[in-house]
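Let's work through a few short exercises together. Keep the sequence and the 3D view at hand, and try each task before you read its solution.

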Amino acid sequence: MSLLLEARGLVKQLGGRRVVDGVDLLCGEGQIVGLLGPNGAGKTTTLRMLYGFLRPDAGRIHVGGVELGRDLARAKRSIGVCTQDDTFDGDFTVEQNLTIAASYFRPRPTDLGRRVPELLERFELTPFASQKPETLSGGYRRRLMIARALVHSPRLLFLDEPTTGLDPQARMGVWDLVARLRSEGLGLILTTHYMDEAERLSDALTVLARGRVVAQGTAKTVLGDLVGEHVVVLDAAAAPGVAAWLRQRGRGEPAGVLGAWHVPVSGEELADFARAFPSLRYEVRVPTLDDLFLKLSLEP
Amino acid sequence: MSWLGAAVDWQSRAVVARHLRVYLRNWYTAFLPPALEPVTMLVAFGLGLGGYVASLSWQGRPIEYMTYVAPGLLAYATFMTAIFQSLFGAFIRMRYQRTWEGQLTTQIELTHVIWGEVLWAGLLATMYAAIIAVVLVGFHAAGFITIEIAWLPLLLPVSFLAACAFGALGLCFTAMLPTIDHMNLPVFLLVLPMGLLSSTYFPLEHPVLIALNLANPLYHLAQTFRGVLIGGPVAVPLAGVAALSALMLVILVPLDLRLLRRRVLGE
């Protein structure tokens with residue numbers, strides 16, 4: 001697998017605050033890297049640096065071997081970007097959006113006469129080709145955004161929260177498209193708030209918190225490193241001794257969701273817990289990325 | 001990449017081509033307003049108001065008010081078209097349509113977006129001026145005005161340069177104003193006073209206005225057009241409009257870049 005994106009030591013200061021602080025990120029051909037983190041973690045700023053929208057204050061980014069800071073235009077020729085918000089050109093039809101986007105690249109995308117109908121067909125946009133994008137439903141707008149990002153045949157695609165606001169059916173449609181793009185060898189960098197999406201689609205995860213990388217690897221590794229092996233779920237009101245038990249282990253108050261505590265524990269701690277609270281009713285489940293977000297959001 | 005060199009980069013031309021493509025979609029919205037506006041203005045100011053103007057002197061000789069107004073109308077349209085395009089048109093593309101954000105995800109950079117807007121303001125204003133010039137030829141042929149129509153094409157490059165400078169000025173406000181409602185401030189505090197008090201519709205005689213207008217490129221533009229079309233000094237006002245326009249571009253485009261880098265990119 002050849003490396004498409006290599007970012008080392010990225011730093012960015014905005015409004016006098018260091019929002020990205022020494023981030024490293026790698027992505028290879030046919031790989032999906034999920035970039036995760038709670039709000040304000042620095043995901044969008046990192047992404048914007050990676051696709052050349054913002055210039056890093058420090059650090060280097062190579063796309064397909066080309067350093068972004070040295071030859072931005074050449075590096076951006078290999079990049080496709082689907083922004084979080086719809087940024088299609090409302091003055092043009094769906095089909096024209098693809099041709100106008102192609103006009104912003106040199107060398108010019110070849111054989112547009114074949115490429116544009118092919119993309120419209122592939123993203124099921126052919127029936128809407130002559131309509132204005134604002135007449136499309138949310139799912140089809142996302143499809144147009146992704147199709148537009150692919151019109152110049154990039155090698156690396158950035159997807160910033162591609163399914164936010166979509167209904168479940170439209171979300172799964174986008175997942176299917178993303179999985180197919182990966183199988184064609186495209187490298188993808190994905191940010192999302194949906195934990196199931198990150199777990200299902202990503203080959204590797206990079207988790208950011210307060211502008212720093214706090215974990216990198218597969219979903220399983222990241223969860224094991226940051227959350228633990230198991231999560232004990234119990235009614236907070238019915239568990240008066242649990243807070244004291246946690247304090248004895250140097251742990252603070254656990255994450256609370258709708259009156260229930262979600263307590264991440266190791267295998268050894270789970271055995272201790274079972275011995276300490278033999279008559280308590282609780283549930284044990286595997287940790288998810290939701291637990292990771294809850295944990296990160298509780299940390300000072 | 002220098003900010004100045006970006007003016008001739010293919011990316012800036014691609015942005016202009018995009019705006020031109022949108023503009024030319026409907027011939028009636030593209031060509032009717034610039035063709036009808038001078039007719040209305042010439043009828044209102046020339047035939048209507050001109051009927052109450054007893055005599056007007058230009059370079060020591062009496063001329064018809066309508067003939068006096070015609071070159072001013074050309075300069076006024078150049079100014080208004082360019083500045084309104086870079087105020088409202090650019091603001092809508094930046095804020096509401098998010099066209100700029102879409103362009104910035106490609107090989108287009110912010111410097112190209114800015115030059116694209118400035119050059120488009122210049123091109124659109126020049127196209128308007130060309131259409132108005134055709135209308136003026138019609139009025140000349142009909143005997144309503146007397147102008148040197150052979151020189152009209154030579155005015156277009158001057159119109160383009162000045163319009164680019166006016167476009168760069170408009171972009172400064174676009175970069176600074178928080179909402180489209182705030183556009184009223186530059187429109188009423190700068191654009192309308194500048195448009196009307198630059199010898200476009202009447203000769204300047206008040207010494208304060210004359211002194212203020214020495215630094216006003218629109219005044220020099222109107223005087224250049226008048227000198228070419230109805231006879232009079234051309235070299236000094238032409239040098240004035242060229243120098244002031246170049247100065248505005250050199251100062252305002254980097255300023256636009258700085259302001260918009262903060263606004264659009266958050267830097």
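**Exercise 1.** In this predicted model, find which residues of H2(B) and H3(B) meet, and describe how the two helices pack.

*Solution.*
- Begin on H2(B), where the residues that take part are B:Glu37, B:Pro38, B:Met41, B:Leu42, B:Phe45, B:Gly46 and B:Leu47.
- Their partners on H3(B) are B:Tyr65, B:Met66, B:Val69, B:Ala70, B:Leu73 and B:Ala77.
- Sort these contact residues by class: eleven are nonpolar, one is polar and one is charged.
- Now turn to the geometry. H2 covers residues 27-48 of chain B and H3 covers residues 65-96, and they pack at an angle of about 145 degrees. Their axes are 10 Å apart.
- Finally, give the handedness: H2(B) passes H3(B) in a right-handed crossing.

**Exercise 2.** Work out how many residues of chain B are in contact with chain A, and which elements of chain B contribute.

*Solution.*
- Count both sides: 19 residues of chain B contact 21 residues of chain A.
- Next, look for elements of chain B that give two or more residues to this side; they are helix H1 (10-23) and helix H4 (99-104).
- Then split the chain B side by class, which gives seven nonpolar, eight polar and four charged residues.

**Exercise 3.** Decide whether helix H1 of chain A is mostly covered or open, and see what follows this helix.

*Solution.*
- Locate H1(A) at residues 43-50; eight of its eight residues are buried, so by the cut-off of 20 or more other C-beta atoms within 10 Å the helix is mostly covered.
- Among the buried residues are A:Lys43, A:Arg48 and A:Leu50.
- Step past the helix to A:Gly52, which has a positive phi near 85 degrees.

Notes:
Residues numbered from 1 in each chain as written. Chains lettered and ligands numbered in written order. Predicted model: local features only at pLDDT ≥ 70, side-chain atom pairs only at ≥ 80, totals over all residues. Buried ≥ 20, exposed ≤ 12 C-beta atoms within 10 Å, placed from the backbone. Helix = DSSP H or I, 4+ residues; strand = E, 2+ residues; numbered from the N terminus. Axes fitted to C-alpha atoms, helices over the stretch in contact; angles between N-to-C directions. Left-handed = near helix turned anticlockwise from the far one by under 90°. Contact = placed C-beta atoms within 7 Å. Nonpolar A, V, L, I, M, F, W, Y, C, P; charged D, E, K, R; others polar.
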